[in-house]
Amino acid sequence: MLGRIDTTKVPKHIAIIMDGNGRWAKANGEHRVVGHATGVRSVREALVAATEVGVEYLTLYAFSTENWNRPANEVAALMDLLVQTIAGELEELNKNGVRLQAIGDVESLPATCRDTLRNAIDNTAKNDRITLVLALSYSSRWEILRMARNLARAAKNGEIDPEEIDEQMIGNELTTAGIPDPELLIRTSGEQRISNFLLWQIAYAELWFTPVLWPDFKKEHLYSAILDYQNRERRFGLISEQVTPG
């Protein structure tokens, strides 16, 4: 399947809603935390596959602002898993040229998570083969509200003219500033919704849904999504004849 991918038409940025850890655990008679831990293997699979085909940015929806409402023991286990995973993978990230970044309300994470995350971000800052973006304590509504407040505050202080606010200014106030918009969004587990993820940034992204639960996601699934993406006509509001003149 890898050989069928046109490496000149690979999406620069792929975002993934990693869904199905809990259902995978239930189906396998395990605790939900085991599903999350097993899902780390799929993160590796997706990262290696994306790197192999030349994807430049891979964003993973790891923990939403709504996830704070889950049972306290599950949240604590997820935070512990996050720390252990980042610390344990640091050497491998550097070995493979992976730069780590994070988006979201990182300040709301426990101190140990923040410190481990910042250390990994600083430690991998010079890598340039692929950028792995973790969406942590993230939601689009939180991000858009934050952007609106920042711009309103700047307008109130006379720093900007409200009439001059444009898409570029809005983009600069989002936590994804400097990161290109995703061209392909993948969601696992069979759910077909966006769940408050990158709502501004995916305005023109192609969507790809799969019934595969995240812990079962393999490199081949990422390849399938890219192949499907490469067979779509991306018109951006134009007509076919404008996109592909005859």
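Helix α2 gives the most residues to the lining of the largest pocket, 10 in number. The model is a predicted one.

**The largest pocket**

This pocket holds about 1,100 Å³ of space. Its lining counts 46 residues, and those closest to the pocket centre are M18, V43, Y61, A62 and W214. Six named elements each give two or more residues to this lining: α1 (21–27), α2 (32–53), β2 (57–64), α3 (72–95), β3 (98–103) and β4 (130–138).

**The second largest pocket**

The second largest pocket has a volume of about 400 Å³. It is lined by 19 residues. Nearest its centre lie E167, G171, D181, W200 and Q201.

Here are the two linings by residue class.

| Pocket | Nonpolar | Polar | Charged |
|---|---|---|---|
| Largest pocket | 22 residues | 11 residues | 13 residues |
| Second largest pocket | 9 residues | 6 residues | 4 residues |

**Two residues in one loop**

Next comes the loop between β5 (184–187) and β6. S195 is found there, and N196 lies there too. What is the sign of phi at S195, a residue other than glycine? The phi of S195 is positive, near 55°. N196 is not a glycine either, yet its phi is also positive, at about 65°.

Are these two residues buried, partly exposed or exposed? S195 has a relative accessible area of 32%, so it counts as partly exposed: the value falls between the 20% and 50% cut-offs. N196 has 15% relative accessibility, which is under 20%, so N196 counts as buried.

**A tryptophan in β6**

The same loop leads to strand β6, which covers residues 206–209 and holds W208. Is W208 buried or exposed? W208 is buried, because its relative accessible area of 13% is under 20%.

Which residues does W208 touch, leaving out those up to four places away in sequence? Its contacts are L184, L185, I186, R187, H221, S224, A225, D228 and R232. Four of these names, L184, L185, I186 and R187, carry the numbers of strand β5 (184–187).

L58 offers another reference point for W208. The two residues are 150 residues apart along the chain. Their C-alpha atoms are separated by 15 Å.

Conventions:
Residues are numbered from 1 along each chain as its sequence is written. This is a predicted model: local features need pLDDT of at least 70, side-chain atom pairs count only at pLDDT 80 or more; totals for chains, interfaces and linings use all residues. Side-chain values use heavy atoms; hydrogens and water are left out. Helices (H or I, at least four residues) and strands (E, at least two) are DSSP runs, numbered from the N terminus. Buried means under 20% relative accessible area, exposed over 50%, partly exposed in between (1.4 Å probe, protein chains only). Contact means heavy atoms within 4.5 Å. On a 1 Å grid over the protein atoms alone, a cavity is a set of points where a 1.4 Å probe fits but cannot get out, and a pocket is an open set with protein on both sides within 12 Å along at least five of seven lines; lining residues have an atom within 4 Å of a point. Grid points are joined across faces, edges and corners, and a volume is the space filled by probe spheres set on the points. Ala, Val, Leu, Ile, Met, Phe, Trp, Tyr, Cys and Pro count as nonpolar, Asp, Glu, Lys and Arg as charged, and the others, Gly among them, as polar.
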